[in-house]
Amino acid sequence: MTEARAALAKLRVELVSLGVTDAYDVCDDAILSVWIGLVVTFRDGFYRWQEGVVKRRHLGTDPVGCAIRVARRYAELQADAPPWWDELAKALRGEAADHYP
C-alpha cells in the first residue's frame with residue numbers, strides 16, 4: 001500500500017465518522033472525491049483539498065484535522081451549492097445531474 005493510499009484510507013475513515021459517506025477514489029491512489037468539485041489529495045506528506053479552482057492545503061499531516069475541515073465545507077456545499085456547481089455538474093454529468101451532487 002502506498003503512503004498516499006494509506007493516508008487517504010485514514011482520511012476516509014475520519015470522514016465517515018463525521019457523516020461524509022459518499023467519498024470515492026478518482027483516477028489513482030492519491031485523489032479522493034468528496035463532492036462534485038471538492039477533492040482531496042495527499043502529496044509530499046500533506047493533505048491538500050481543492051474546491052473548483054481554489055486550492056487549499058491542510059497545514060498538517062493529520063487525517064482528523066483535514067477531515068473536520070473538509071466535512072465542514074461539504075456540509076456548507078450541501079446546504080447552499082455555489083454558483084459554479086450547476087455548470088460543473090452539467091459539464092461532468094450532463095443535463096441529467098439536475099440538483100444531485
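**View 1. Strands that pair to build a sheet.** Two strands pair if DSSP finds at least two bridges between them. Keep that idea in hand as you look at this predicted model. In β4, W49 is the bridge partner of V40. Strand β3 covers residues 38-43 and strand β4 covers residues 46-51, and six bridges join the two in the antiparallel sense. At L38, look across to β4 and you will meet E51 standing opposite.

**View 2. The whole sheet, strand by strand.** In what order do the five strands lie? The open sheet reads β1-β2-β3-β4-β5, and its pairing is antiparallel. Now look at the edges, where β1 (24-25) and β5 (54-57) stand. Each of these two has a single partner strand, so one side of each is left without a neighbour in the sheet.

**View 3. The hairpin of β2 and β3.** Here four bridges link β2 and β3 in the antiparallel sense. One of the pairs to find is I31 with T41, its bridge partner in β3. Two residues sit between the strands of this hairpin, and in the turn you will see G37, whose phi is positive at about 90 degrees.

**View 4. The hairpin of β3 and β4, with a closer look at D44.** This hairpin has two residues between its strands. D44 is found in the loop between β3 and β4. What is the phi of D44? Its value is near 55 degrees, which is positive in a residue other than glycine. Is D44 buried or exposed? With a relative accessibility of 64%, D44 counts as exposed, because exposed means over 50% relative accessible area.

**View 5. The hairpin of β4 and β5.** Four bridges hold this pair in the antiparallel sense. Find E51 and follow it across to V54, its bridge partner in β5. You have already met E51 in the first view, where it stands opposite L38. Two residues lie between the strands of this hairpin, and G52 takes a positive phi near 60 degrees.

**View 6. L59, in the loop after the sheet.** L59 lies in the loop between β5 and α2. Its relative accessible area is 70%, so L59 is exposed. For a sense of its surroundings, find R48, which is 11 residues apart from L59 along the chain. The C-alpha atoms of L59 and R48 are separated by 8.8 Å.

**View 7. Helix α2 and the sheet.** Which strands does α2 lie across? They are β2 (31-35), β3, β4 and β5. Try comparing the direction of α2 with that of β4: the helix runs at about 10 degrees to this strand.

**View 8. Where helix α1 meets helix α2.** Helix α1 spans residues 3-17 and helix α2 spans residues 63-79. Their axes come within 9 Å and cross at roughly 50 degrees. That makes α1 oblique to α2. The crossing is right-handed. Which residues of α1 and α2 meet? From α1 come K10, L11, E14 and L15, and from α2 come P63, V64, C66, A67, V70 and A71. Sorted by kind, the residues of this contact are eight nonpolar, no polar and two charged.

Conventions. Residues numbered from 1 in each chain as written. Predicted model: local features only at pLDDT ≥ 70, side-chain atom pairs only at ≥ 80, totals over all residues. Heavy atoms only, no water. Axes fitted to C-alpha atoms, helices over the stretch in contact; angles between N-to-C directions. Parallel < 35°, antiparallel > 145°, perpendicular 65-115°, else oblique. Left-handed = near helix turned anticlockwise from the far one by under 90°. Contact = heavy atoms within 4.5 Å. Nonpolar A, V, L, I, M, F, W, Y, C, P; charged D, E, K, R; others polar. Buried < 20%, exposed > 50% of the residue type's maximum accessible area, 1.4 Å probe, protein only.
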